[in-house]
Amino acid sequence: MMGNKDNKNRMWIQIKAKNLWLGGSIMKLDIILVPVDGTEASDLALDTAKKMAAKFNSKIVVLNAVDFVSRGSIHESSDYDPVVQETLQKRGNRILEDTNAKLQGFNFETIPALGHAGDAIISYCENNEVDLIIMATRSATKIRRFVIGSVTNYVIHHTKVPVLAIPVE
């Protein structure tokens, strides 16, 4: 949701049935996408999704992307060897298994994906119905963000789906 310093034009939120009322338009919340990577930050996003899903009776779709390609620099990339690929895939499966335990009692689905996390999230949203993406933003240094970017930033700038970005310190 975009903010505005002018109080007269500030958006307001009011809960109406199964929809979110955003000062003049209604946003449905049937499906919430939560990308997870096993960090405390993604756990915070998942906890937020659980609260919203409980309130709006939404389905939570949890996506974990495993990236097999090393991006050493902007100009080069190379494939990992099979042992590394298998290790990364097992880690991704463990993250999704841990998430299953955290979502008992909720309507949810877990999606393992291959590739860069940002691209996997965008691709999923383009091919499936998603009403909201909930992600955490980590506090990285400005230099680190400039050099390697941020998955949350990438998603915000490349999707048409609303993104709830939760700052984590």
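**Legends to close-up views of a predicted model**

**Figure 1. Overview of the chain in the predicted model.** Of the contacts in the chain with a separation of 6 or more, 69% are made by residues 24 or more positions apart. The secondary structure amounts to five helices and ten strands. The chain has 169 residues, 33% of which are buried. About 11,000 Å² of the chain is exposed, and 52% of this area is supplied by carbon and sulfur atoms.

**Figure 2. Strand 9 and the strands that pair with it, strand 4 and strand 10.** Strand 9 spans residues 132–138 and is mostly covered, with five of its seven residues buried. Strand 4, comprising residues 31–35, runs parallel to strand 9 and is joined to it by two bridges. Within this pairing, isoleucine 32 has leucine 132 of strand 9 as its bridge partner. Strand 10, formed by residues 163–168, is likewise parallel to strand 9, and six bridges join the two. Here methionine 135 stands opposite alanine 165 of strand 10. As a general point, side chains in a regular strand alternate between the two faces of the sheet.

**Figure 3. Surroundings of leucine 44 in helix 1.** Helix 1 covers residues 40–56 and includes leucine 44. Leucine 44 has a relative accessible area of 32% and is therefore classed as partly exposed, since this class lies between the limits of 20% for buried and 50% for exposed. When residues up to four places away in sequence are not counted, leucine 44 touches Ile166, Pro167 and Val168. Leucine 44 and proline 167 are separated by 123 residues in sequence, while their C-alpha atoms are 9.6 Å apart in space.

**Figure 4. Surroundings of serine 42 in helix 1.** Serine 42 belongs to helix 1. Its relative accessible area is 6%, so serine 42 counts as buried, because the class requires a value under 20%. A polar atom of the serine 42 side chain lies 3.0 Å from the backbone oxygen of threonine 39. Apart from neighbours within four places in sequence, serine 42 is in contact with Pro35, Val36 and Asp37.

**Figure 5. Leucine 44 and serine 42 viewed together in helix 1.** Serine 42 is buried, whereas leucine 44 is partly exposed. The contacts of serine 42 include Pro35, and residues 31–35 form strand 4. The contacts of leucine 44 include Ile166 and Pro167, and residues 163–168 form strand 10. Strand 4 and strand 10 are each joined to strand 9 by bridges.

Key:
Residues are numbered from 1 along each chain as its sequence is written. This is a predicted model: local features need pLDDT of at least 70, side-chain atom pairs count only at pLDDT 80 or more; totals for chains, interfaces and linings use all residues. Side-chain values use heavy atoms; hydrogens and water are left out. Buried means under 20% relative accessible area, exposed over 50%, partly exposed in between (1.4 Å probe, protein chains only). Helices (H or I, at least four residues) and strands (E, at least two) are DSSP runs, numbered from the N terminus. Two strands pair if DSSP finds at least two bridges between them. Contact means heavy atoms within 4.5 Å. Accessible areas come from the Shrake-Rupley method with a 1.4 Å probe; for residues, only the protein chains shown count as cover. A polar contact is a pair of N or O atoms within 3.5 Å; within protein, one must be able to donate a hydrogen and the other to accept it, and residues adjacent in sequence count only if both atoms are side-chain atoms.
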